[in-house]
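Welcome, and please load the model in your viewer. We will go from one selection to the next, with a short look at each stop.

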Amino acid sequence: MASETLRVLIPEDRLQARIRELGRQIRQDYGDAPITCIGVLKGSFIFMADLVRAIGGDIRCEFLGVSSYHGGTRSTGVVRITEDLNNPIEGQHCLIIEDIVDTGLTLDYLLRTLEVRGPSSIKVCALLDKAPRREVDVKADYVGFSIPDEFVVGFGLDLGERFRNLPHVAVYTP
Ligand code: PRP
């Protein structure tokens, strides 16, 4: 469409600098302990790739497919697991990795679903936090950036599967 616009909200260098900081902080908090990083697909795959390298040390990577938007710009409120973990997480320190927490419905559902599997601990790292939109009382333990209530794409986030490959986060205007 000719009229749609993208405005850079968080440039690549700020994203990378913040991810390095998050990685250092997370590794410091966990010490030498192994961390099972659980990437929530699809949006988190780019953030997770950078974050696990920034954390360093003993890391296992697992993925969980969840969908709630079904291609539009608004949440439907219906959370659905499209692909479950391949391995048990009992007795492990788990870190859920999200690209964005918006209404919080996805994260709330995931925490409730994973807690019953008996992990030693479960924390959340989200690159973006859109707190003004929260519908349930849930928050990430580690947040990259708090952002206003605008529709963002890039660095893993999409609109109908487009824009995930942008190296920055941008505000999309139709
Ligand atoms: C996005 C994002 C989170 C969720 C956050 O996923 O990756 O998982 O929405 O929204 P919420 O806080 O309102 O629940 P989406 O359903 O767009 O799927 P995708 O990651 O495959 O793009």
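**Starting at the ligand**

Select the shell of residues around the ligand: it divides into six nonpolar, six polar and six charged residues. Keep in mind throughout that this is a predicted model. In total, 18 residues surround the ligand, and the closest are Glu 98, Asp 99, Thr 103, Gly 104 and Thr 106.

Now show side chains and pick Asp 99. One of its polar side-chain atoms lies 2.5 Å from an oxygen atom of the ligand. Move on to Thr 103, where a polar side-chain atom also lies 2.5 Å from a ligand oxygen atom. For Asp 102, display the backbone instead: a backbone N or O atom of this residue lies 2.8 Å from an oxygen atom of the ligand. How much of the ligand does the protein bury? Taken alone, the ligand exposes 500 Å², and the protein buries 93% of that.

Colour by secondary structure next. The elements that give two or more residues to the shell are β3, β5 and α3. Of the elements, β5 gives the most, with four residues.

**The six-stranded sheet**

Follow β5 (93–101) outward into its sheet. This is an open sheet of six strands in the order β4-β3-β2-β5-β6-β7, with mixed pairing. Select residues 80–83 for β4 and 142–146 for β7: these strands stand at the edges with a single partner each, so one side of each is left without a neighbour in the sheet. Look along the sheet and you will find neighbouring strands turned by 30° against each other on average, ignoring direction.

Within this sheet, select residues 35–41 and 59–67. These are β2 and β3, which pair in the parallel sense over seven bridges. To see one place in this pairing, click on Gly 39, which stands opposite Phe 63 in β3.

**Two helices across the strands**

Show residues 12–30 as a cartoon. This is helix α1, which lies across β2, β3, β5, β6 and β7 and runs at about 160° to β7. Then select residues 105–115, helix α3, which lies across β2, β3, β4, β5 and β6. Which angle does α3 make with β5? The helix runs at about 165° to that strand.

**The three-stranded sheet**

Now go to the other stop for strands: an open sheet of three, in the order β1-β9-β8, with antiparallel pairing. Its edge strands are β1 (5–10) and β8 (152–153), each pairing on one side only. Select residues 169–173 to highlight β9, which is joined to β1 by five bridges, the two running antiparallel. Val 8 is a good residue to click on here, with Ala 170 in β9 as its bridge partner.

**Two backbone details**

Before the last two selections, a reminder: most residues other than glycine have a negative phi, and most peptide bonds are trans.

Zoom to Leu 41 and Lys 42, which are joined by a cis peptide bond with omega of about 0°. Lys 42 has its place in the loop between β2 and α2 (45–55).

Finish at Glu 161, in the loop between β8 and β9. What is the phi of Glu 161? The value is positive, about 75°, although this residue is not a glycine.

Terms used. Residues numbered from 1 in each chain as written. Predicted model: local features only at pLDDT ≥ 70, side-chain atom pairs only at ≥ 80, totals over all residues. Heavy atoms only, no water. Pairing = 2+ DSSP bridges. Axes fitted to C-alpha atoms, helices over the stretch in contact; angles between N-to-C directions. Contact = heavy atoms within 4.5 Å. Near = heavy atom within 4 Å. Polar contact = N/O pair within 3.5 Å; in protein donor to acceptor, adjacent residues only side chain to side chain. Areas by Shrake-Rupley, 256 points an atom, 1.4 Å probe, with all protein chains shown as cover. Nonpolar A, V, L, I, M, F, W, Y, C, P; charged D, E, K, R; others polar.
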